[in-house]
Amino acid sequence: MIESCPPISLRLGRVFLALLLIMTVGCAGKTLQYKDDHDRILRIDQAVELLRKSYVERDRSALEALLLPSGNLDQVQREIHADFDTFRDIQLEFSIERILIEGDNIDVFVHWQGQWKRDPAEVGTRQRGHGRLAWVGTQSILLREAQGDLPFGMGARASVGEDPARGQAKP
């Protein structure tokens, strides 16, 4: 009886080693199944981050490079340029809630929060909201349309909420 134990242990060891070898070979050959989609989503995320960064850093050329020339963005561009002229310090965070892709069209729903200051010493204006950024493209991602409560145009919103006496010109 003692002599029969080593052959059973040896067989179990071989079976275990064979299973381990099969699992190792099977898992090592796994590749990313949707690599193109993954890369496109990364490009979309980078485009949203570049939009945020160019707005915060007040970089007009980088911002305009993201805009589709034939898009409906004239009003958005005016609001952004007005913010650049109005505020010296802009802090903004985007959080992507979801991305919908249909062919070349991409809808990115974002939640944002930020702070705008005319003077670095002031408290400034804090706001947050939600909006939709409509992008287009596969390799090059360009902003086609912006809808909802987006952070652009904060200068006009802050002026409406100001104290009337504060907004008047001094004699």
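Hi everyone. Let me begin with a term we'll need: a polar contact is a pair of N or O atoms within 3.5 Å, where, within protein, one must be able to donate a hydrogen and the other to accept it. Please keep in mind that the model on the screen is a predicted one.

Let's put that term to use. The side chain of R52 makes a polar contact with the side chain of E49, at 2.7 Å. Where does R52 sit? It has its place in helix α2, which covers residues 35-56. And is R52 buried or exposed? Buried means under 20% relative accessible area, and R52 has 18%, so it counts as buried. What does R52 touch further along the chain? If we set aside neighbours within four places in sequence, R52 is in contact with L92, E93 and F94.

Now, on to the sheet. Strands of a sheet pair through backbone hydrogen bonds, either parallel or antiparallel. Here, four strands make an open sheet, ordered β1-β2-β3-β4, and the pairing is antiparallel. At the edges we find β1 (89-102) and β4 (142-148), each pairing on one side only. On average, neighbouring strands are turned by 30° against each other, ignoring direction. Helix α2, our home of R52, packs on this sheet and touches β1, β2, β3 and β4. The direction of α2 makes about 155° with that of β1.

Let's go through two of the pairings. β1 and β2 run antiparallel and are joined by 13 bridges. In this pairing, I101 stands opposite I106 in β2. The two strands form a hairpin with two residues between them, and in the turn G103 has a positive phi of about 65°. Next come β2 (residues 105-117) and β3 (residues 125-136), which pair in the antiparallel sense over 12 bridges. Here N105 stands opposite V136 in β3.

My last stop is helix α4, residues 74-86. How far apart should its ends be? With 13 residues, at 1.5 Å a residue, α4 should span 18 Å, and its end C-alpha atoms are indeed 18 Å apart, so the two agree. Which residues of α4 are buried? They are V76, I80, D83 and F84. Looking down the axis of α4, these buried residues fall within an arc of 100°, so they line one face of the helix. On the other side of α4, D74, R78 and D85 are exposed.

So, if you'd like to explore on your own, try finding R52 and E49 first, and look for the polar contact between their side chains. Thanks for listening!

Note on methods. Residues are numbered from 1 along each chain as its sequence is written. This is a predicted model: local features need pLDDT of at least 70, side-chain atom pairs count only at pLDDT 80 or more; totals for chains, interfaces and linings use all residues. Side-chain values use heavy atoms; hydrogens and water are left out. The expected span of a helix is 1.5 Å times one less than its number of residues. Buried means under 20% relative accessible area, exposed over 50%, partly exposed in between (1.4 Å probe, protein chains only). The arc is that of the directions from the helix axis to the C-beta atoms. Contact means heavy atoms within 4.5 Å. Two strands pair if DSSP finds at least two bridges between them. Axes are lines fitted to C-alpha atoms, for helices over the stretch in contact, and angles run from 0 to 180 degrees between N-to-C directions.
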